[in-house]
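Got the model open in your viewer? Here is a short tour of what to select next and what you'll find there.

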Amino acid sequence: MPPRPLAIGPAGHAAAHAIERTRTARGYSQRQLAVRVTALGRPMTFTVLSRIERTVRRCDIDDLVAIATALEIAPQTLLADPLELPGVAAAGEI
């Protein structure tokens, strides 16, 4: 029997939601962000990005760094408390 994939933990869920919030705040579609990530040398399809955002797929450290770079933010920003993301409104805020 193949090993079971590791569950996505709290940090993974927080990062996935931060990626989605930041992407939409920047006005990028999943396809546009995936193209930007791929242009940085980390091949990514919008399907992979969608799966990361929906926490169906784990976001490894290389993905996180490439996504953050494509979003023009520091990688640790995607791991921060959602209410502390600079320039990104929390859910329900305008």
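Start with the lining of the largest pocket: α1 provides the largest share of it, four residues. This is a predicted model, so treat each stop as a computed picture. The pocket holds about 190 Å³ of space. Two elements, α1 and α4, each give two or more residues to its lining. Select Ala11, Gly12, Ala15, Cys59 and Leu79 to find the ones nearest the pocket centre, out of 14 lining residues.

**Zoom out for a moment**

Colour by secondary structure. You should see four helices and zero strands, running α-α-α-α from the N terminus on. The protein chain has 94 residues, and 30% of them are buried. Now look at how the chain meets itself: of the contacts with a separation of 6 or more, 57% are between residues 24 or more positions apart.

**Select residues 10-26**

That's helix α1. Why does its length make sense? Its 17 residues, at 1.5 Å a residue, should span 24 Å, and the end C-alpha atoms are indeed 24 Å apart.

Next, show the side chains of Ala15, Ala16, Ala18, Ile19, Arg21, Thr22 and Arg23, which are the buried residues in α1. An α-helix has 3.6 residues a turn, so residues three or four places apart point the same way. Which helices do the buried residues of α1 pack against? Bring up α2 (30-39), α3 (46-53) and α4 (61-70), and you have the partners on screen.

While you're on α1, click Ala14, which also belongs to this helix. Ala14 has a relative accessible area of 24%, so it is partly exposed. Draw a line from its C-alpha to that of Leu78: the two residues are 64 apart in sequence, but 7.8 Å apart in space.

Then step off the end of α1. Gly27 follows the helix, with a positive phi near 85°.

**Select Phe46 and Arg31**

Phe46 is in helix α3. Put its ring in the middle of the view, then add Arg31: the charged end of Arg31 sits over the ring, 4.0 Å from its centre. Leaving out residues up to four places away in sequence, Phe46 touches Gln30, Arg31 and Ala34. Also worth a distance label is Gln32, whose C-alpha lies 8.0 Å from that of Phe46, with their positions 14 residues apart along the chain. Is Phe46 buried, exposed or partly exposed? It counts as partly exposed, because its relative accessibility is 33%.

If you're tempted to hunt for ring-on-ring pairs, how many turn up? A search of the whole structure gives zero aromatic pairs.

**Select Thr38**

Move over to helix α2, where Thr38 sits. With 35% relative accessibility, Thr38 counts as partly exposed. Show what surrounds it: beyond residues up to four places away in sequence, Thr38 touches Pro43 and Met44. For a longer jump along the chain, add Ala66, which is 28 residues from Thr38 in sequence and 8.5 Å from it, C-alpha to C-alpha.

**Check some backbone angles**

Most residues other than glycine have a negative phi, and most peptide bonds are trans. With that in mind, go to the loop between α3 and α4 and pick Thr55. Thr55 is not a glycine, yet has a positive phi of about 55°.

Glu72 is another one to click, in the segment after α4. Its phi is positive too, near 60°. Is Glu72 buried or exposed? The relative accessible area of Glu72 is 64%, so this residue is exposed.

**Last stop: Leu71**

Leu71 is also in the segment after α4. At 1% relative accessibility, Leu71 counts as buried. What is it in contact with? Setting aside neighbours within four places in sequence, select Ile19, Thr22, Arg23, Arg26, Tyr28 and Leu33 to show the contacts of Leu71. You've met some of these already: Ile19, Thr22 and Arg23 are among the buried residues of α1. To finish, add Arg36, which is 35 residues from Leu71 in sequence, with a C-alpha to C-alpha distance of 8.5 Å.

Technical notes: Residues numbered from 1 in each chain as written. Predicted model: local features only at pLDDT ≥ 70, side-chain atom pairs only at ≥ 80, totals over all residues. Heavy atoms only, no water. Phe/Tyr/Trp six-rings, centres within 6.5 Å; stacked < 30°, edge-to-face > 60°. Lys NZ or Arg CZ within 6 Å of the ring centre and 35° of its normal. Expected span 1.5 Å × (residues − 1). Buried < 20%, exposed > 50% of the residue type's maximum accessible area, 1.4 Å probe, protein only. Contact = heavy atoms within 4.5 Å. 1 Å grid on protein atoms, 1.4 Å probe; cavity = no way out; pocket = protein on both sides within 12 Å on 5 of 7 lines; lining within 4 Å. Points joined across faces, edges and corners; volume = space filled by probe spheres on them.
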